[in-house]
Amino acid sequence: MGSHAPKDEGKIKMMIIWMSFLCTMAHVPSLILRYIPFKDRTDKNQKKQLLFWYGLGLVINFFLYIKVEEKIGVSISFYKMNLMLFCVIMGGVNILVLRGYVKEQLFTFGLTALIILLTYAVAAYLVEIVGYKTIPQGLIIENIFGLLLYVFIYPWIRKLMRNTITPFLNIDSQNYWNTIWFIPIAMFLGTVFSLGMEDYIETPLQLMSRMFTGLATLMLCQNIAKDYRRIQEHNQITQQIEQQKKYYEALTEAVKVEREARHNFKHQLAAVQGFLDTGNIEELRTYCDSMQVKLAKITEIPYTGNAAADGVLYHYACLAEGKGVFFSSRCRFNSLNISDTDLCCILGNALDNALTASEGYEGEKYIRVAAQQEKEMLLITVDNSFDGFLIQEGEKIFSRKRKQEEGIGMKSMRQICEKYGGSCSFQTAGNEFEASFLLMLEQK
């Protein structure tokens, strides 16, 4: 009798360890899902911080389960409460480490919690079918089922997280987050509190209720994301069309002016000849000055080989002229496998930043745009004058409007460069700011 006691005690300890380990592993899917949408926005230092806090939290949770089971025994209510509290604490860690994304993180928390809730609701129902003798045994089986289900549906969940969150991680999507951030949190809390914390067995009706509510919420969030993306694309296309219309109107006007100039050239030549014949140099000088003023008012029309880029360059050339900023461009963008939207996004954001910086400078105001293409590389540079004041940390340049947060335009341009296997850099020399964008392209 006594010889069997150590074996039974060893089995109990092993079961406690396995239960604690698997209950702790139940948190891993939520950690992964919360990180996925922000992967491309996380630098090395932030990744190290997240890894440290995630690891520390899991280790503490593991030993917490062991202690609770040894002292009073792990109950279903403790298991569920632990799941919720761990999610809340790690959600707070994400908000503190990945600054500037509060609503985005809250939405991610709600969506992740809802997905895990649905997964483990199915697992709990399967436990009822299989059966269990003790709560630790039931928790072991439930977490095995839950982790297997998570692995099975992971590709779809990963796509869902990236489609509903990643494309909208900037201030331009503020309306999107104001609309959507609370939806999954509300659905998650409503589903949780509809079933007592002490309940373990999921009935078919309870399971169906959770599944319908959860899936409806996921589909709602996904469709809102699709609609908002279509609105953004429509706005971008509309903006490009408006810029191109202005550009083509300018071309039409330029052709008209050139025809008039040719027609009037003989009269102008006769006027100059008349001033010379009479020796009226002062009148000639005044006449030439007036002609120069007329020519100066005509904004130079760019031609790059890409109509969309021409429209953007002409748009900012006109804005620069109106604000007393000298503008010049030397670009060729023909035969490139890069979408007009991406190209115009880089040019538009870079020129918008350059114009804002230049007009606030009291010295010589200028913007110079250049593009050089060699084989499969395209280099775009935008130089501009500025007041010399820059908020920078490493490779990130922070917005003056939102301190400790990288500018929206900077994020977009960096993301596009990475999309094409390139990079972007920002340098200063005195009162000159230079933005460089390198894209690896295949020629058409």
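Reader: Let's start with two aromatic residues: are tyrosine 176 and tyrosine 228 buried or exposed?
Author: Bear in mind that this is a predicted model. A residue has to fall under 20% relative accessible area to be called buried. Tyrosine 176 and tyrosine 228 both come out as buried.

Reader: How many aromatic pairs does the count come to?
Author: A pair of aromatic rings is described by the distance of the centres and the angle of the planes. For a pair to count, the ring centres must lie within 6.5 Å. By that rule, the number of aromatic pairs is 13.

Reader: What kind of pair do the rings of tyrosine 176 and tryptophan 177 make?
Author: Their ring centres are 4.9 Å apart, and the planes meet at 75°. An angle over 60 degrees decides the class, so this pair is edge-to-face.

Reader: And what class does the pair of tyrosine 176 and tyrosine 228 fall into?
Author: Here the centre-to-centre distance is 5.2 Å, with 45° between the planes. That angle is neither under 30 degrees nor over 60, and the pair is therefore tilted.

Reader: Which helices hold tyrosine 176 and tyrosine 228?
Author: The two residues sit 52 residues apart, and their pair links distant parts of the chain. Tyrosine 176 belongs to helix α7 (residues 174–180), and tyrosine 228 to helix α9 (residues 204–278).

Reader: Which residues do ring pairs link into a cluster around tyrosine 176?
Author: Two partners of tyrosine 176 have already come up, namely tryptophan 177 and tyrosine 228. Ring pairs bring in a phenylalanine as well, and the cluster is Phe107, Tyr176, Trp177 and Tyr228.

Reader: In the largest nonpolar core, which residues touch the most other members, and which helix gives the most to this core?
Author: That core holds 51 residues, and Leu33, Tyr79, Ile115 and Trp177 have the most contacts with other members. The leading contributor supplies nine residues and runs from 102 to 130: helix α5.

Reader: Which residues does tyrosine 79 contact, leaving aside its neighbours within four places in sequence?
Author: Tyrosine 79 is one of the residues that touch the most other core members. Its contacts are Cys23, Ala26, Tyr65, Tyr120, Leu139, Glu142 and Asn143.

Reader: How many residues are in the second, separate core?
Author: This core includes Cys344, Leu351, Phe433 and Phe437. Its residue count is 40.

Reader: Isoleucine 380 caught my eye; what is its relative accessible area?
Author: Isoleucine 380 lies in strand β3 (residues 377–385). Beyond its neighbours in sequence, its contacts include Phe333, Leu343, Ala435 and Phe437. Isoleucine 380 is buried because its relative accessible area is 1%.

Reader: What separates the C-alpha atoms of isoleucine 380 and leucine 439?
Author: Along the chain, these two residues are 59 residues apart. In space, their C-alpha atoms are separated by 8.6 Å.

Reader: How far apart are the end C-alpha atoms of helix α11?
Author: Helix α11 has 16 residues (307–322), so at 1.5 Å a residue it should span 22 Å. The distance in the model agrees with that, at 23 Å.

Reader: How many disulfides does a search of the whole structure find?
Author: Take cysteine 345, whose closest cysteine sulfur is in cysteine 344. The two sulfurs are 8.9 Å apart, which is too far for a bond, because a disulfide needs them within 2.5 Å. For the whole structure, the search finds zero.

Technical notes
Residues are numbered from 1 along each chain as its sequence is written. This is a predicted model: local features need pLDDT of at least 70, side-chain atom pairs count only at pLDDT 80 or more; totals for chains, interfaces and linings use all residues. Side-chain values use heavy atoms; hydrogens and water are left out. A nonpolar core is a set of buried Ala, Val, Leu, Ile, Met, Phe, Trp, Tyr and Cys residues joined through side-chain atoms within 4.5 Å. Buried means under 20% relative accessible area, exposed over 50%, partly exposed in between (1.4 Å probe, protein chains only). Helices (H or I, at least four residues) and strands (E, at least two) are DSSP runs, numbered from the N terminus. Contact means heavy atoms within 4.5 Å. Rings of Phe, Tyr and Trp (its six-membered ring) pair if their centres lie within 6.5 Å; planes under 30 degrees apart count as stacked, over 60 as edge-to-face and the rest as tilted. The expected span of a helix is 1.5 Å times one less than its number of residues.
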